[in-house]
Amino acid sequence: MLSDCVSTASNAHMSIAINGCGPIEMQIDKSSSTSGRLPTVPDHDETVARLREENARLRAELAQMRAEAKPAGDTTWETEMARGIAYADGRSSSSSLSAGRLLKQLAGLSKERMKAGLIRNSSEFEYLPKPGTDEAQLEADFVRWGYCLVKDAMSPAQVQAQLDRLVDQAEAEKRIKVGMMTSRNDTAQLVNNLVLKGAVFRDAVEFKESAAQGGPLVDRLLNKVMGQGFGLGCAHGSIVHQGGGLQELHIDQGGMPMPYPQFPFGSLIIWCYTQFDLDNGATYCVPGSHRSATGTTRFRDGADLVRLVEGEPGLVAICAPPGTCILTDTRILHCGGRRTAPGTRYAMRCHYNRYFMRALHEQSTANVHVPDEVYELLSPRLKQMMGITVNNHEPVGELHRDGA
């Protein structure tokens, strides 16, 4: 605290009271080029007395904050019962205590920072995750930054096979006017429900080496994130042409009630078919925005999310070569990035969630309506992932009545 006081005084020649240091005797320095007075630094006893006083004040403030953080001591069952069901946010009886209202403070921020040139490539930061295959390092990256990059998760041949199938499907859907265009001027397209649209996608979704050579490694990591038996929320193709792709910042479990536990509800993974970087429309994220070192979530009442975005490293574009698989924590702030370079960025995005949860995405209709001919092709594990272990439309059990 003493150095702060001295430093400030040296740079503010006309100050009388500086940073709570109290009145300071002023003197004229005729040799100075400034026209003001220079402060005289307090002696040792004055400094010690001031620091002790400030220390006592800070201790009192800390004690008060700790007291305020504790639940009210007079809370009783009668009080809570009279209060009624109060799991909503106080604004609507149908709204949960979700992170949605916190995310409103970030509206338009990704666009503002993109236009201002304030988004940097993740590769510019030596400490941020790099593509790799060391499992311990991948886990460490996921814990610290909320994402990790599995190198060469797909071979060039596997990437090409899936890319060719994705392009064919996207063109066919546009041709029959059912294409899902997600940006203005048709600069981005989403190809929904890929598990219904090709064996190469189904095999990658359940991590078969025939479709993704690094699939078993990705599978092991996801089992550690969510536990065994995790489910599939969605699997869709992402196509971004020049000028398209930009989204609002969000988290993928924003609709879940808070407070969040010390683990994510799921993981969004991205199979990169083409180069990911700032110019090519890579996903933007705020590394480390998912949790603190103690495990507490960043998403709680009163959280200043803008501060996270404007801090260090701030909002970055995830850099990864083709064949990389990006694994993310569903609590990390992220959004689709704007592609400014000519050409197209291709990827497949798969959302997985803990086994006891239904899909979080509106794109999950594939998990409800599966044509019989496709159902017969699904593996037992993929059926379990999709929650469709039974595909019989006939009434069963007590609902079935002969002759009805």
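Q: What makes the charged end of Arg-144 count as sitting over the ring of Trp-145?
A: In this predicted model, the charged end of Arg-144 is 3.9 Å from the centre of the Trp-145 ring. The distance cut-off for a charge over a ring is within 6 Å, with a further limit of within 35 degrees of the ring normal. Trp-145 also belongs to an aromatic cluster, together with Phe-125 and Tyr-127.

Q: Where does Lys-383 lie with respect to the ring of Tyr-375?
A: Lys-383 is placed over the face of Tyr-375, at 4.2 Å from the ring centre. Here too the distance cut-off is within 6 Å.

Q: Why is the pair of Phe-230 and Tyr-352 called edge-to-face?
A: Happily, two values settle this one. The ring centres are 5.4 Å apart, and a pair needs centres within 6.5 Å. The planes stand at 85°, and over 60 counts as edge-to-face, so the name follows. By this rule the count comes to seven aromatic pairs.

Q: What makes this pair a tie between parts that are apart in sequence?
A: Phe-230 is in the loop between α9 (215–226) and β7, while Tyr-352 belongs to strand β13. These parts are 122 residues apart in sequence, so the pair ties them together.

Q: Are Phe-230 and Tyr-352 buried or exposed, and how do you know?
A: Buried means under 20% relative accessible area. Phe-230 has 1% relative accessibility, so Phe-230 counts as buried. Tyr-352 has 0%, so Tyr-352 counts as buried.

Q: How do you know whether Ala-341 is buried or exposed?
A: The same kind of check works for this residue. Ala-341 has 16% relative accessibility, and the cut-off for buried is under 20%, so Ala-341 counts as buried. Ala-341 is found in the loop between β12 and β13.

Q: Which residues is Ala-341 in contact with, leaving aside its neighbours within four places in sequence?
A: They are Gln-242, Asp-279 and Asn-280. Asn-280 is 61 residues from Ala-341 in sequence, yet the C-alpha to C-alpha separation is 5.7 Å.

Q: What is the volume of the largest pocket, and which residues are the closest to its centre?
A: The volume is about 950 Å³. Of the 43 lining residues, the closest to the centre are Leu-246, Gln-247, Glu-248, His-250 and Gly-336. Elements that give two or more residues to the lining include α5 (109–115), β8 (266–272) and β13 (344–353). β7 gives the most, with four residues.

Q: How many residues of each class does the lining of the largest pocket have?
A: The lining has 22 polar, 13 nonpolar and eight charged residues.

Key. Residues are numbered from 1 along each chain as its sequence is written. This is a predicted model: local features need pLDDT of at least 70, side-chain atom pairs count only at pLDDT 80 or more; totals for chains, interfaces and linings use all residues. Side-chain values use heavy atoms; hydrogens and water are left out. On a 1 Å grid over the protein atoms alone, a cavity is a set of points where a 1.4 Å probe fits but cannot get out, and a pocket is an open set with protein on both sides within 12 Å along at least five of seven lines; lining residues have an atom within 4 Å of a point. Grid points are joined across faces, edges and corners, and a volume is the space filled by probe spheres set on the points. Ala, Val, Leu, Ile, Met, Phe, Trp, Tyr, Cys and Pro count as nonpolar, Asp, Glu, Lys and Arg as charged, and the others, Gly among them, as polar. Rings of Phe, Tyr and Trp (its six-membered ring) pair if their centres lie within 6.5 Å; planes under 30 degrees apart count as stacked, over 60 as edge-to-face and the rest as tilted. Buried means under 20% relative accessible area, exposed over 50%, partly exposed in between (1.4 Å probe, protein chains only). Contact means heavy atoms within 4.5 Å.
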